[in-house]
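This report walks through the strands, helices, loops and ligand surroundings of one protein model. The sequence and the structure are shown first, and the description follows.

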Amino acid sequence: MEKKIKNNNYLLPLLLLSLFFQFPLSDNTSHPHHFHKHFVFIHGSCHGAWSWFKLLPLLQSSGHRVTALDLAASGIDHRNPDSIRSISQYFQPLTDFMSALPQHQKVILVGHSLGGLAVAKAMEEFPTRISAAVFVTATMPGPALNISTIYGKDLTLATLLMRPVPLFTEKDMSDVLKLSERNYGSVKRVFVMSGMDLVSNKEFQRWMIENNSPDRVVEMEGSDHMVMMSKPFQLCAHLQLLAQYYP
Ligand SMILES: *[C@@H]1O[C@H](CO)[C@@H](O)[C@H](O)[C@H]1NC(C)=O
């Protein structure tokens with residue numbers, strides 16, 4: 001019995017070491033497995049890159065490259081939210097990231113909740129750099145489903161929008177989120193439904209899916225709005241599958 005416990009003591013440091021040394025290998029250019037992707041995560045309102053802390057090491061340890069961004073005045077970006085003047089400025093960290101991507105590189109964008117708006121905007125602006133966009137119980141506007149219509153349907157969303165940056169007006173959002181079939185529509189799109197989401201309930205998620213059909217719908221059972229916290233293993237498994245579907 002005692003020997004067993006001793007043996008186990010070696011396992012954790014070994015596992016941690018192996019995870020640590022795997023990180024540099026996860027780079028697309030150096031790894032032999034073509035299905036290894038670069039995932040870029042966009043948090044929801046009032047959150048930050050930290051909200052993905054459970055999911056990231058799981059995905060990383062399976063060889064994928066992961067980046068979690070803080071949108072403006074979020075997470076460890078200590079700018080005062082009141083200093084953010086428009087939704088474009090709020091999205092700027094993602095815009096900067098996408099602009100800086102090396103020519104040949106593509107990413108899988110994953111947005112949670114209101115992060116879906118940033119993902120939608122990036123799809124319109126950088127359609128050829130995104131192999132798939134994953135909306136994790138996220139707001140998913142489209143060419144035929146504008147923000148005003150979504151805004152009118154979901155009051156919870158409306159109140160959430162008011163919190164991080166009070167200056168996001170409907171007009172500002174409509175202007176920035178003009179989405180076309182040609183750009184936005186050309187990017188593969190996946191919606192991850194969360195069964196027990198109380199912030200954006202199942203009915204609302206279904207309504208968005210019906211009015212702006214994605215290429216694929218993944219349904220997760222027993223997860224709340226914070227899917228990446230409540231079901232990190234399940235979500236990781238789905239993302240790993242998606243990495244194989246969308247080269
Ligand atoms: C949003 O879509 C609705 C329904 O298609 C339309 O009536 C409305 O004018 C649109 N609003 C904007 C700002 O484009």
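In this predicted model, Thr 137 counts as buried because its relative accessibility is 1%, which lies under the 20% cut-off. Thr 137 sits in the loop between strand E4 and helix H5 (147-153), and its phi is near 35 degrees, a positive value in a residue other than glycine. Most residues other than glycine have a negative phi. Ser 113 also carries a positive phi, of about 55 degrees, although it is not a glycine. The position of Ser 113 is in the loop between E3 and H4, and with a relative accessibility of 9% Ser 113 is counted as buried.

**Strand E4 and its partners**

Strand E4 spans residues 130-136 and is mostly covered, with seven of its seven residues buried. On one hand, E4 is joined to strand E3 (residues 107-112) by six bridges, and the two strands run parallel; within this pairing, Gly 111 has Phe 135 of E4 as its bridge partner. On the other hand, E4 pairs with strand E5 (residues 189-194), again in the parallel sense, over four bridges, and here the bridge partner of Ala 133 is Arg 189 in E5.

The connection from E3 to E4 involves helix H4 (residues 115-125), and E3, H4 and E4 make a right-handed β-α-β unit. Nine of the 11 residues of H4 are buried, so this helix is largely enclosed by the rest of the structure. Among the buried residues of H4 are Gly 115, Gly 116, Leu 117 and Val 119, as well as Met 123 and Glu 124. After the helix, Pro 127 lies in the loop between H4 and E4, and Pro 127 is buried, with a relative accessible area of 17%.

**Strand E1 and its partners**

Which residues of E1 are found on one side of the strand, and which on the other? His 38, Val 40 and Ile 42 are on one side, Phe 39 and Phe 41 are on the other, and all of them are buried, so that both faces of E1 are covered. In general, the side chains of a regular strand alternate between the two faces of the sheet. With five of its five residues buried, E1 is largely enclosed by the rest of the structure.

E1 (residues 38-42) is joined to strand E2 (residues 65-69) by five bridges, and these strands run parallel. His 38 stands opposite Arg 65 in E2, and the chain crosses from E1 to E2 through helix H2 (residues 55-61) in a right-handed β-α-β crossover. E1 also pairs with E3 in the parallel sense, over four bridges. Phe 41 takes part in both pairings, since it stands opposite Ala 68 in E2 and has Val 110 as its bridge partner in E3.

**Pairs that are separated along the chain**

Several pairs of residues are listed below by their separation in sequence and by their C-alpha distance.

| Pair | Residues apart along the chain | C-alpha to C-alpha distance |
|---|---|---|
| Gly 75 and Trp 50 | 25 residues | 6.8 Å |
| Met 173 and Leu 117 | 56 residues | 9.1 Å |
| Pro 127 and Val 187 | 60 residues | 5.9 Å |

Gly 75 belongs to the loop between E2 and helix H3 (87-99), and Gly 75 is partly exposed, with a relative accessible area of 34%. Met 173, by contrast, is part of helix H7 (residues 170-176) and counts as buried at 0% relative accessibility.

**Surroundings of the ligand**

The ligand is surrounded by Asn 146, Ser 148, Thr 149 and Ser 174. Taken alone, the ligand exposes 360 Å², of which the protein buries 30%. How many residues of the shell around the ligand are nonpolar, polar and charged? The shell holds four polar residues, no nonpolar residues and no charged ones. A polar side-chain atom of Asn 146 lies 2.3 Å from an oxygen atom of the ligand, and a polar side-chain atom of Thr 149 lies 3.4 Å from an oxygen atom of the ligand.

Terms used:
Residues numbered from 1 in each chain as written. Predicted model: local features only at pLDDT ≥ 70, side-chain atom pairs only at ≥ 80, totals over all residues. Heavy atoms only, no water. Buried < 20%, exposed > 50% of the residue type's maximum accessible area, 1.4 Å probe, protein only. Pairing = 2+ DSSP bridges. Right-handed = clockwise from strand over helix to strand, strands pointing away. Near = heavy atom within 4 Å. Polar contact = N/O pair within 3.5 Å; in protein donor to acceptor, adjacent residues only side chain to side chain. Areas by Shrake-Rupley, 256 points an atom, 1.4 Å probe, with all protein chains shown as cover. Nonpolar A, V, L, I, M, F, W, Y, C, P; charged D, E, K, R; others polar.
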